[in-house]
Amino acid sequence: MSSKKIKDMTTRNGGNAFIIFRKQLNEHLRSLGYNLNMQEHSKIASYIWSKQSMEVKSHFKEHTVQMKKMLNDQLKQLFCKSNNDNGTDH
């Protein structure tokens, strides 16, 4: 399977949700002693992802929404802090 086909599949089937799924799967497989290269892992993850129910996919999608919100909040805090800390404090 080409990397373009994997990217097309994952984008169409969840995008960032798949990335989190793949990362968690990789961590799980490593904990079991499997050490796959990224190409092998991506093929397996894509196949397993395609077999998941909409409920499972929704769970990962909700996780991505929460992660994006948290990261956006952190960026806003950093941005506001850097605007308030414009070098006038000596």
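This tour proceeds through a predicted model, one selection at a time.

**The whole chain**

Begin by displaying the entire chain as a cartoon. Its secondary structure consists of four helices and zero strands. Followed from the N terminus, the elements run α-α-α-α. Next, switch on the surface. The accessible surface of the chain amounts to about 7,100 Å², and 56% of that area belongs to carbon and sulfur atoms. The chain has 90 residues, of which 21% count as buried. Consider also how contacts are distributed along the sequence: among those between residues at least 6 apart, 63% join residues at least 24 apart.

**Helix H2**

Select residues 16-31, which form helix H2. How far apart are the end C-alpha atoms of H2? They are 23 Å apart. With 16 residues at 1.5 Å a residue, H2 should span 22 Å, so the two values agree.

Now colour the buried residues of H2, which are Ala-17, Phe-18, Ile-20, Phe-21, Leu-25, Asn-26 and Leu-29. Then move past the end of the helix to Gly-33, which follows H2 and has a positive phi, near 100°.

**A salt bridge on H2**

Return to H2 and show the side chains of Lys-23 and Glu-27. These two side chains meet in a salt bridge, with a distance of 2.9 Å from N to O. The count for the model comes to one salt bridge. Because Lys-23 and Glu-27 are four residues apart in helix H2, about one helical turn separates them. Is Lys-23 buried or exposed? Lys-23 counts as exposed, because its relative accessibility is 52% and the cut-off for exposed is over 50%. Glu-27 has a relative accessible area of 45% and is therefore partly exposed.

**The largest nonpolar core**

Select Ala-17, Phe-18, Ile-20, Phe-21, Leu-25, Leu-29, Ala-45, Trp-49 and Phe-60 together. These nine residues make up the largest nonpolar core. Two elements, helices H2 and H3, each give two or more residues to this core. The largest share, six residues, comes from H2. In soluble globular proteins, nonpolar side chains tend to be buried together.

**Ile-20 and its surroundings**

Keep the core visible and centre the view on Ile-20, a residue of helix H2. Ile-20 has a relative accessible area of 16% and is therefore buried, since buried means under 20%. Which residues does Ile-20 touch, not counting those up to four places away in sequence? They are Phe-60, His-63, Thr-64 and Met-67. Select Thr-64 for a distance check: Ile-20 and Thr-64 are 44 residues apart in sequence, yet their C-alpha atoms are 7.6 Å apart in space.

**His-63 on helix H4**

One of the residues touched by Ile-20 is His-63, which is found in helix H4. His-63 is partly exposed, because its relative accessible area is 28%, a value between the limits of 20% and 50%. Add Asn-16 to the selection. His-63 and Asn-16 are 47 residues apart along the chain, and 9.4 Å separates their C-alpha atoms.

**His-41 and Ser-42 on helix H3**

Move to helix H3, residues 38-50, and select His-41 within it. Is His-41 buried or exposed? With a relative accessibility of 1%, His-41 counts as buried. Leaving aside neighbours within four places in sequence, His-41 is in contact with Arg-22, Leu-25, Asn-26, Leu-29 and Leu-36. Among these contacts, Leu-25 and Leu-29 also belong to the largest nonpolar core.

Select Ser-42 next, which also lies in helix H3. Ser-42 counts as buried, at 7% relative accessibility. Arg-22, a contact of His-41, gives a further distance to check. The C-alpha atoms of Ser-42 and Arg-22 are separated by 7.3 Å, although the two residues are 20 apart along the chain.

**A nonpolar patch on the surface**

For the last stop, turn the surface on again and select Met-67, Met-70 and Leu-71. These residues make a nonpolar surface patch of about 250 Å². Met-70 is placed in helix H4, which covers residues 54-84. The relative accessible area of Met-70 is 39%, so this residue is partly exposed. Met-67, another member of the patch, has appeared already as one of the residues that Ile-20 touches.

Technical notes:
Residues numbered from 1 in each chain as written. Predicted model: local features only at pLDDT ≥ 70, side-chain atom pairs only at ≥ 80, totals over all residues. Heavy atoms only, no water. Buried < 20%, exposed > 50% of the residue type's maximum accessible area, 1.4 Å probe, protein only. Contact = heavy atoms within 4.5 Å. Patch = residues over 30% accessible without salt bridge, like charges linked within 9 Å, V, L, I, M, F, W, Y side chains within 5 Å. Areas by Shrake-Rupley, 256 points an atom, 1.4 Å probe, with all protein chains shown as cover. Salt bridge = Lys/Arg side-chain N within 4 Å of Asp/Glu carboxyl O. Core = buried A, V, L, I, M, F, W, Y, C linked by side-chain atoms within 4.5 Å. Expected span 1.5 Å × (residues − 1).
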